[in-house]
Amino acid sequence: QVQLVESGGGLAQAGGSLRLSCVASGIIFSTSAMDWYRQAPGKQRELVATFTSSGITNYAASVKGRFTISRDNAKNTVYLQMNSLKPEDTAAYYCSAGARTGSRYWGQGTQVTVSS
């Protein structure tokens, strides 16, 4: 069974930081693309950051320079370091894996709330 388990969400003040983690199992992690998405109430789900198996990273314009995606293949874990948080970053954050088979998998999400 494929499982993606996020952690690290919570409440932060504007200007603060949080670090999200996602542990994957049931997939070949080293050959999978790992992504972070977020969805705020009443809003479309948006792609926040990507990290391909070949080491290419990309970020949404709204978070570029503030968020950093990284991965540790030995631990089957992808991270999202979030700095300089803004109230607009408040959302449920989801880890997603794109496997070499073409399948995509999702975690259950972790809530991030940023107060002003």
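Visitor: I'd like to learn to read this structure, starting with the rings. How many aromatic pairs does a search of the whole structure find?

Guide: It finds 1 aromatic pair. In general, you describe a pair of aromatic rings by how far apart the centres are and by the angle of the planes. Here, rings of Phe, Tyr and Trp (its six-membered ring) pair if their centres lie within 6.5 Å, and planes under 30 degrees apart count as stacked, over 60 as edge-to-face and the rest as tilted. Keep in mind that this is a predicted model, where local features need pLDDT of at least 70 and side-chain atom pairs count only at pLDDT 80 or more, while totals for chains, interfaces and linings use all residues. Residues are numbered from 1 along each chain as its sequence is written, and side-chain values use heavy atoms, with hydrogens and water left out.

Visitor: Rings can face charges too. Which ring does the charged end of R19 sit over?

Guide: The rule is that a charge sits over a ring if NZ of Lys or CZ of Arg is within 6 Å of the ring centre and within 35 degrees of the ring normal. R19 has its charged end over the ring of Y79, 4.7 Å from the centre. R71 does likewise with F29, lying over its face at 4.6 Å from the ring centre.

Visitor: On to the strands. In what order do the 4 strands of the open sheet come?

Guide: The general idea is that strands of a sheet pair through backbone hydrogen bonds, parallel or antiparallel. Strands (E, at least two residues) and helices (H or I, at least four) are DSSP runs, numbered from the N terminus, and two strands pair if DSSP finds at least two bridges between them. In this open sheet the order is β1-β3-β8-β7, with antiparallel pairing. β1 (3-7) and β7 are the edge strands with a single partner each, so each has one side without a neighbour in the sheet. On average, neighbouring strands of this sheet are turned by 15° against each other, direction ignored; the axes are lines fitted to C-alpha atoms (for helices, over the stretch in contact), and angles run from 0 to 180 degrees between N-to-C directions.

Visitor: How many bridges join β3 to β8?

Guide: There are 6, and β3 (residues 18-25) runs antiparallel to β8. You've already met one residue from β8: Y79 is the bridge partner of S21.

Visitor: Which cysteines form a disulfide?

Guide: A disulfide is a pair of cysteine sulfur atoms within 2.5 Å. The structure holds 1, formed by C22 and C95 with their sulfurs 2.1 Å apart. The torsion about their S-S bond is about -75°, so this disulfide is left-handed. C22 is in strand β3 and C95 in strand β9, so the pair ties together parts 73 residues apart in sequence. Both cysteines are buried, where buried means under 20% relative accessible area, exposed over 50%, and partly exposed in between (1.4 Å probe, protein chains only).

Visitor: Now charges. How many salt bridges are there?

Guide: Side chains of opposite charge can pair when their charged atoms come close. The rule asks for a side-chain nitrogen of Lys or Arg within 4 Å of a carboxyl oxygen of Asp or Glu, and the count comes to 4. One of them joins R104 and D35 at 2.8 Å, N to O. R104 belongs to strand β10 (residues 104-106) and D35 to strand β4 (residues 33-39), so that pair ties together parts 69 residues apart in sequence. R104 is partly exposed at 37% relative accessibility, whereas D35 is buried at 5%.

Visitor: Which residues are linked in a network of salt bridges?

Guide: R38, E46, R66 and D89. D89 is buried, with just 1% relative accessible area. R38 meets D89 at 3.0 Å, N to O. R38 sits in strand β4 and D89 in the loop between β8 (77-82) and β9 (91-98), 51 residues apart. R66 also bridges to D89, with the closest N and O atoms 2.8 Å apart. R66 is in the loop between β6 (57-59) and β7 (67-72), 23 residues from D89. Both arginines count as buried, R38 at 6% and R66 at 11%.

Visitor: Last one, the backbone. What is the phi of N76?

Guide: Most residues other than glycine have a negative phi. N76 has a positive phi of about 50° although it isn't a glycine; it's found in the loop between β7 and β8 and is partly exposed at 26%. S84, again not a glycine, also has a positive phi of about 50°. S84 lies in the loop between β8 and β9, partly exposed at 40%.
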